[in-house]
Amino acid sequence: MGRVYIVGAGPGDPELITVKGLRLLQAADVVVYDRLVAKELLSYTKRGALLVDVGKSPGGVGPSQEEINELLYKYAKAVDIVVRLHGGDPLVFGRGFEECLYLAERGIYCEFVPGVTSGLAAPAKYYIPPVARGIASSVALVTGREDPSKGRRFVNFRKLAGAVDTLIIYMGASTAGEIARELLEGGLSPETSVAVIRSAYFSDEEFITTTLGELKSVASPAIIVVGHVVAKGVALMEHVRKISPPPS
Ligand code: SAH
């Protein structure tokens, strides 16, 4: 019987994995990885390690979660170290918890290694803080995806509108317009600043600033940040960009 490490790879920049995550990746006999993982990381695996791609594009083909769980179980019985590599953090909309539950119920030891979640890393690249003294003292990480079986949203955006200062929305690219409408109904001003960061740290990265009144659906994967921190962050970024960095 082996053990399974459920590891966060961070967003697209391979340098954003933790030292612990990298060490386990180097030791792994099998690595089961997602679509939003920086592929450069796979070059750190040891010779002979089995690399298994379980990524799927939104709505696209790929193994189901049940199949991923079964794969992890199968490999855990066959080798010493399995690394399940998630984009960002394994427990932030990553289903790492379900994987560990499935394994533990079958007597397999598993452990989480946190990662830098895209919802915090993508805004940080553009100097946008989730909270900042005097500007925002609360933040919610939410999903914008609807529950197809229930035909409704997981998240009550109308209520959230008045309850937190900063909203960081995952998986909201295609429903952005609708989310904006609900936030406006919840009392947010159409002037509220919004940032959309698409494919952060990947080569096709895109950064858009807009307002809640103008927010439309975008291509995925994207992180949407709603709140005054956006305008403040962008102002800082513009300031910093006027400073030429000293030679490194
Ligand atoms: N566990 C991941 C999130 C997985 S859910 C994490 O902690 O980051 C998938 C969603 O994450 C995408 O729909 C998108 O909203 C967001 N996401 C992941 N990587 C991203 C990236 N590099 N740029 C922008 N959004 C990203």
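## Around the ligand

How far is an oxygen atom of the ligand from an N or O atom in the side chain of threonine 117? In this predicted model, the distance comes out at 2.6 Å. Serine 118 does something similar: an N or O atom in the side chain of serine 118 sits 2.7 Å from an oxygen atom of the ligand. Glycine 87 joins in through its backbone, where a polar atom is 3.0 Å from a nitrogen atom of the ligand. Taken on its own, the ligand has 540 Å² of accessible area, and the protein covers 91% of that.

## Who makes up the shell

Let's look at the wider neighbourhood. The ligand is surrounded by 17 residues, and the closest are Asp89, Thr117, Ser118, Ala200 and Ala222. Sorted by class, the shell holds eleven nonpolar residues, five polar ones and one charged one.

Where do the shell residues come from? Domain 1 (3-113) gives at least three of them, and so does domain 2 (118-239).

## A pocket to explore

Now for the second largest pocket, which has a volume of about 160 Å³. Its lining is made of 13 residues, with Val164, Asp165, Leu188, Gly227 and His228 the closest to the pocket's centre.

Two helices are worth finding on the structure here: helix 5 (157-163) and helix 7 (228-241) each supply at least two residues of this pocket's lining. As for the kinds of residue in the lining of the second largest pocket, you'll find nine nonpolar, three polar and one charged.

Key
Residues numbered from 1 in each chain as written. Predicted model: local features only at pLDDT ≥ 70, side-chain atom pairs only at ≥ 80, totals over all residues. Heavy atoms only, no water. 1 Å grid on protein atoms, 1.4 Å probe; cavity = no way out; pocket = protein on both sides within 12 Å on 5 of 7 lines; lining within 4 Å. Points joined across faces, edges and corners; volume = space filled by probe spheres on them. Helix = DSSP H or I, 4+ residues; strand = E, 2+ residues; numbered from the N terminus. Nonpolar A, V, L, I, M, F, W, Y, C, P; charged D, E, K, R; others polar. Near = heavy atom within 4 Å. Polar contact = N/O pair within 3.5 Å; in protein donor to acceptor, adjacent residues only side chain to side chain. Areas by Shrake-Rupley, 256 points an atom, 1.4 Å probe, with all protein chains shown as cover. Domains from an automatic or database assignment.
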